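Me: Please take a close look at one part of this model. I want to know how the strands pair, where the backbone turns and what lies around them. Short sentences are fine.

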Amino acid sequence: MKLNCQKGDLCRIIAAGPFRDKFIIVTEMEMYRGRPTWKYQGPLLSYKFYEAWAFYDDTLRPIRDPGEDAVDETLLRIPVKTMEPA
């Protein structure tokens, strides 16, 4: 199973809802309802009567150096015209 996150990653929450675009540091992965779920470090995120103790892996995007072989996914979706010298 390929995970988006690794232990210690700084991650942005991309799930819809009140925690969208918040940042957390993931600390421990466990399975919950058959899905990889990350506990996090930092203040407890809460909204009205709901407290988030963990987030599913597929609702997080890590912020880290992608490495030399990384592919910009935006360029795969949007064709970019190259600038040819005149």
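Reply: Glu28 stands opposite Lys39 in β3. That pair is a good place to start. The model is predicted, so every value here is computed from predicted coordinates.

Glu28 and Lys39 face each other across the pairing of two strands. β2 covers residues 23-32, and β3 covers residues 35-41. The two run antiparallel, and 7 bridges join them. Met31 of β2 also has a bridge partner in β3, namely Pro36.

How many residues lie between β2 and β3 in their hairpin? The count is 2. Arg33 sits in that loop. Its phi is near 55°, a positive value in a residue other than glycine. Most residues other than glycine have a negative phi. Arg33 is exposed, with a relative accessible area of 69%. For this residue, then, the positive phi falls in the turn of the hairpin.

Just past the turn comes Arg35, in strand β3. Arg35 is partly exposed, because its relative accessible area of 32% lies between the 20% and 50% cut-offs. The C-alpha atoms of Arg35 and Asp57 are separated by 7.7 Å. Along the chain these two residues are 22 apart.

Now the wider sheet. It holds 5 strands and is open. Their order is β6-β3-β2-β1-β7, with antiparallel pairing. β6 and β7 (60-62) stand at the edges with a single partner strand each, so one side of each has no neighbour in the sheet. From one strand to the next, the twist averages 50°. In a regular strand the side chains alternate between the two faces of the sheet.

Take the β6 side of β3 next. β3 and β6 pair antiparallel over 3 bridges. Thr37 stands opposite Tyr56 in β6.

On the other side of β2 is β1. β1 takes in residues 10-13 and is joined to β2 by 3 bridges, again antiparallel. Leu10 stands opposite Ile25 in β2. Cys11 stands opposite Ile24 in β2.

Cys11 raises a separate point. What is the distance from the sulfur of Cys11 to the closest cysteine sulfur? The gap is 3.4 Å, to Cys5, which is too far for a bond. A disulfide would need the two sulfurs within 2.5 Å. Accordingly, the structure holds 0 disulfides. Are these two cysteines buried or exposed? Cys5 is buried, at a relative accessible area of 3%. Cys11 is also buried, at 0% relative accessibility. The cut-off for buried is under 20% relative accessible area.

Back to the backbone. Lys48 also has a positive phi, about 50°, although it is not a glycine. This residue is found in the loop between β4 (45-47) and β5. Lys48 is exposed, with a relative accessible area of 70%.

β5 and β6 lead on to a pocket. Rolling a probe the size of a water molecule over the atoms shows where empty space is left. The second largest pocket has about 360 Å³ of space. There are 18 lining residues, and those closest to the centre are Tyr50, Ala52, Ala54, Phe55 and Tyr56. Which elements give two or more residues to this lining? They are β2 (23-32), β5 (50-52) and β6 (54-56). By type, the lining divides into 12 nonpolar, 3 polar and 3 charged residues. Tyr56 links two parts of this account: it stands opposite Thr37 across the sheet, and it is among the residues closest to the pocket centre.

Last, the setting. The protein has 1 helix and 7 strands. From the N terminus on, the elements run β-β-β-β-β-β-β-α. Of its 86 residues, 20% are buried. Cys5 and Cys11 belong to that buried group.

Note on methods
Residues are numbered from 1 along each chain as its sequence is written. This is a predicted model: local features need pLDDT of at least 70, side-chain atom pairs count only at pLDDT 80 or more; totals for chains, interfaces and linings use all residues. Side-chain values use heavy atoms; hydrogens and water are left out. On a 1 Å grid over the protein atoms alone, a cavity is a set of points where a 1.4 Å probe fits but cannot get out, and a pocket is an open set with protein on both sides within 12 Å along at least five of seven lines; lining residues have an atom within 4 Å of a point. Grid points are joined across faces, edges and corners, and a volume is the space filled by probe spheres set on the points. Helices (H or I, at least four residues) and strands (E, at least two) are DSSP runs, numbered from the N terminus. Ala, Val, Leu, Ile, Met, Phe, Trp, Tyr, Cys and Pro count as nonpolar, Asp, Glu, Lys and Arg as charged, and the others, Gly among them, as polar. Two strands pair if DSSP finds at least two bridges between them. Axes are lines fitted to C-alpha atoms, for helices over the stretch in contact, and angles run from 0 to 180 degrees between N-to-C directions. Buried means under 20% relative accessible area, exposed over 50%, partly exposed in between (1.4 Å probe, protein chains only).
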